[in-house]
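Work through the exercises below with the model open. Try each task before reading its solution.

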Amino acid sequence: MKLLFRASTVAFLALTMVIVSSCSKYEEGSKFTLLTAKARVTGDWTTTAITVNGTSQDLTGTSFTTSIKKDGTYTASSSYTFGGSTFTTNDNGTWEFNSDKTSIISTDSDGDVSTATITMLKNKMMKWKTVDGSFTTIVTLEQ
């Protein structure tokens with residue numbers, strides 16, 4: 001009985017250490033989760049905020065949605081209204097994590113590759129950051 005109790009305690013402590021140490025890789029967000037990074041990333045996402053160089057962008061009249069699938073594919077669509085007309089774009093491609101799961105590498109249908117650093121990864125919310133020259137863009141997505 002004592003042996004079973006000790007084994008259970010050691011297993012619990014080891015699991016706790018693994019979970020806590022594996023969840024602290026993002027600048028913002030939870031330090032503890034039982035969900036894998038892939039489980040938290042996959043799903044249907046709506047962009048709720050965008051900042052460029054620290055300045056919040058007005059998203060009035062725009063819609064950005066992304067569906068990230070477990071099989072390594074994604075679909076994205078955006079629409080915006082300008083001058084009374086609505087314009088829509090659609091794209092699809094593939095995605096994968098980098099080796100330590102701190103970035104998402106995506107390849108669109110034209111073969112263009114982009115990398116976004118994950119700064120927050122929660123169950124229903126994530127943020128990612130891209131840097132292009134002197135422009136730093138942070139995108140907030142919610143399910």
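The exercises deal with a pocket, a surface patch and a loop residue in this predicted model.

**Exercise 1.** Describe the largest pocket by its volume, its lining and the elements that contribute to the lining.

*Solution.*
Step 1: The volume of the largest pocket comes to about 700 Å³.
Step 2: Its lining consists of 26 residues, and those nearest the pocket centre are Thr 66, Ala 76, Ser 106, Ser 114 and Trp 128.
Step 3: Among the elements that give two or more residues to this lining are strand E1 (43–52), strand E3 (62–68), strand E4 (73–82) and strand E5 (85–97). Strands E6 (103–108), E7 (113–121), E8 (125–132) and E9 (135–142) also do so.
Step 4: By residue type, the lining holds 11 nonpolar, 12 polar and three charged residues.

**Exercise 2.** Find the residues of the nonpolar surface patch, then decide whether Phe 82 is buried or exposed.

*Solution.*
Step 1: The patch is formed by Tyr 80, Phe 82 and Phe 87, which together have about 340 Å² of accessible area.
Step 2: Phe 82 belongs to strand E4.
Step 3: The relative accessibility of Phe 82 is 62%. Exposed means over 50%, so Phe 82 is exposed.

**Exercise 3.** Locate Gly 72, classify it as buried or exposed, and state its C-alpha separation from Ser 106.

*Solution.*
Step 1: Gly 72 sits in the loop that runs between E3 and E4.
Step 2: Its relative accessible area is 14%. The cut-off for buried is under 20%, so Gly 72 is buried.
Step 3: Gly 72 and Ser 106 are 34 residues apart along the chain, and 9.3 Å separates their C-alpha atoms.

Terms used:
Residues are numbered from 1 along each chain as its sequence is written. This is a predicted model: local features need pLDDT of at least 70, side-chain atom pairs count only at pLDDT 80 or more; totals for chains, interfaces and linings use all residues. Side-chain values use heavy atoms; hydrogens and water are left out. On a 1 Å grid over the protein atoms alone, a cavity is a set of points where a 1.4 Å probe fits but cannot get out, and a pocket is an open set with protein on both sides within 12 Å along at least five of seven lines; lining residues have an atom within 4 Å of a point. Grid points are joined across faces, edges and corners, and a volume is the space filled by probe spheres set on the points. Helices (H or I, at least four residues) and strands (E, at least two) are DSSP runs, numbered from the N terminus. Ala, Val, Leu, Ile, Met, Phe, Trp, Tyr, Cys and Pro count as nonpolar, Asp, Glu, Lys and Arg as charged, and the others, Gly among them, as polar. Patches are made of residues with over 30% relative accessible area and no salt bridge: like charges are joined within 9 Å, nonpolar side chains (Val, Leu, Ile, Met, Phe, Trp, Tyr) within 5 Å. Accessible areas come from the Shrake-Rupley method with a 1.4 Å probe; for residues, only the protein chains shown count as cover. A salt bridge is a side-chain nitrogen of Lys or Arg within 4 Å of a carboxyl oxygen of Asp or Glu. Buried means under 20% relative accessible area, exposed over 50%, partly exposed in between (1.4 Å probe, protein chains only).
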